[in-house]
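Me: I've got a two-chain model open and I'd like a close look at one part of it. Could you start there and then work outwards to how the chains fit together?

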Amino acid sequence: MPFVFDHQPIRVTLHYRDHTGKTSEGRANVAYGSVRADIESFALALSQAAEPLTDCEIIGVTLTLPLRPEYSPPALPDSDRSRSGVFIFESVTEGDRFVMPIPSIKTAKLLTTGVWAGISIDQADPDVAALVDLMLVGDGTLAPQSYAQNDLFRVSAAYRQHRGL
Amino acid sequence: MAITAISAVGGVSLNISFTDKTGQSSNTTVNLPATATLAEVEAYALALLQEIETLSDCLISGATVSIGYGITGATAAVAGGNYAEDKGVFSFRTAAGKKSQITIPGMKEAFRTVGARSLDTTDVDVAAFTTLIVDGDGTIAPVDTNAEDLDLLLSARMRQRSELGV
């Protein structure tokens, strides 16, 4: 069954810090579908309205859009979060990498022959290739970036990692 | 000083949550360009979750899109002022009759009614805040978790740190 998101309001969270260094937060929800620029204007107005009321410093704002699938297939008997498929992507800037773990990678997606059988992820598998393509090329509008916000351009390694082994 | 601007820090973060057969959870994060719109991110997230679903034995329990902002011009915390745990608790009624609260940590003592826990909602600054919540800024107005408009301020009171057993 394809994913459909059960839309939730968007959260605007103000982060506060008092004179002892302790932090706290206050949150307002705004309607799903609101435009990002409009939410940012509202968040600024909210920060400015809250500032005269508090002895804390307002140190930041976070905008959060929750995406909850209406239905997800249940976890399979083979699922184990300590087994991950780790994809290491290189960005266009030398030495800049992005690591993407996929918890409980299906063992059917690992190589079955060669010295790396059972360890390396089979990048020729159509599902794996589709994921890699979505990470490198994107969906036609957006494509992910590295931590340093550089475009990703290739997978340098993809392997199974099992915590405790 | 007073807050003059907020500006995005870093890119847009897409965090995907997984649950395995034992109920243990894990997650992975993807960074997206800072200029992405929420609609673009949601479309990309849907495509990515569909691909990941083919690769993982886990249940994909959800995802969140987060954008962090820095603040320009914020007033520093008041030395000796109220603690972050001393909160102004504003209760609003939604159009559906449900109660929804918004809190302000470190609420200034000056807004508290003498000898009571209630806050002075006639104060200009307090009224500006509650009006922004009820009426919005002309484009955006807050809602509760059921996406119902907040129609009416029911109460405003100070919840002190001592009430939390600290």
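Which residues does A:Asn150 touch, not counting residues up to four places away in sequence?

Reply: Bear in mind that this is a predicted model. Leaving out residues up to four places away in sequence, A:Asn150 touches A:Ser91, A:Val92, A:Thr93, A:Asp96 and A:Gln145. You'll find A:Asn150 in the loop between α2 (126-136) and β7 (152-162) of chain A. For two of those neighbours there is a polar contact as well: the side chain of A:Asn150 reaches the side chain of A:Asp96 at 2.8 Å, and the side chain of A:Thr93 at 3.3 Å.

Now zoom out to the chain around that loop. Chain A has two helices and seven strands, and along the sequence they come in the pattern β-β-β-α-β-β-β-α-β. With a radius of gyration of 21 Å, well over the 15 Å that the globule rule gives for 165 residues, chain A is more spread out than a compact globule. Taken along the principal axes, the C-alpha atoms of chain A fill a box of roughly 65 × 40 × 35 Å.

Some of the strand pairing in chain A is worth tracing on screen. β2(A) and β3(A) run antiparallel and are joined by eight bridges; one place to look is A:His15, whose bridge partner in β3(A) is A:Glu25. The hairpin of these two strands has five residues between them, and there A:Gly21 takes a positive phi near 95 degrees. β2(A) also pairs with β4 (residues 57-69) of chain A, in the antiparallel sense and over seven bridges. In that pairing, A:Val12 stands opposite A:Leu63 in β4(A). As a reminder for reading strands like these, side chains in a regular strand alternate between the two faces of the sheet.

The loop between β2 (10-17) and β3 of chain A also brings us to the other chain. A:Lys22 and B:Glu85 meet through their side chains in a salt bridge, 2.9 Å from N to O. This pair crosses between chains: A:Lys22 sits in that β2-β3 loop of chain A, while B:Glu85 is in the loop between β3 and β4 (87-94) of chain B.

Strand β3 (residues 23-30) of chain A makes a link to chain B too, with two bridges joining it to β6(B) in an antiparallel arrangement. Look for A:Val30 there, as its bridge partner in β6(B) is B:Pro142.

On to chain B itself. It holds two helices and seven strands, which from the N terminus on run β-β-α-β-β-β-α-β-β. The radius of gyration of chain B is 21 Å, well over the 15 Å that the globule rule gives for 166 residues, so chain B is more spread out than a compact globule. Its C-alpha trace spans about 60 × 35 × 35 Å along the principal axes.

B:Gly11 is a handy landmark in chain B, sitting in strand β1. Setting aside neighbours within four places in sequence, B:Gly11 is in contact with B:Leu32, B:Ala34 and B:Ser66, and with A:Gln149 across in the other chain. To get a feel for distances, measure from B:Gly11 to B:Ser118: they are 107 residues apart in sequence, and 41 Å apart in space, C-alpha to C-alpha.

Finally, the interface as a whole. The size of an interface is often given as the accessible area lost when the parts come together. Chain B and chain A bury about 7900 Å² between them, 62% of it on carbon and sulfur atoms. In residue terms, 97 residues of chain B are in contact with 93 residues of chain A.

There are four salt bridges between chain B and chain A, against a count of twelve over all chains. One of the pairs between chains is B:Asp57 with A:Lys106, where the closest N and O atoms are 3.2 Å apart. Across the interface there are also 38 residue pairs in polar contact, both residues at pLDDT 80 or more. The elements that give two or more residues to chain B's side are β1 (5-19), β2 (25-32), α1 (38-53), β3 (59-72), β5 (99-105), α2 (124-135) and β6 (142-143). Of these, α1(B) gives the most, with 15 residues. By type, the residues on chain B's side divide into 53 nonpolar, 29 polar and 15 charged.

How values were computed. Residues are numbered from 1 along each chain as its sequence is written. Chains are lettered from A and ligands numbered from 1 in the order in which they are written. This is a predicted model: local features need pLDDT of at least 70, side-chain atom pairs count only at pLDDT 80 or more; totals for chains, interfaces and linings use all residues. Side-chain values use heavy atoms; hydrogens and water are left out. Contact means heavy atoms within 4.5 Å. Buried area is the accessible area (1.4 Å probe) that two parts lose on being put together, summed over both. A polar contact is a pair of N or O atoms within 3.5 Å; within protein, one must be able to donate a hydrogen and the other to accept it, and residues adjacent in sequence count only if both atoms are side-chain atoms. Helices (H or I, at least four residues) and strands (E, at least two) are DSSP runs, numbered from the N terminus. Ala, Val, Leu, Ile, Met, Phe, Trp, Tyr, Cys and Pro count as nonpolar, Asp, Glu, Lys and Arg as charged, and the others, Gly among them, as polar. Two strands pair if DSSP finds at least two bridges between them. The radius of gyration is taken over C-alpha atoms; the globule rule is 2.2 Å times the number of residues to the power 0.38.
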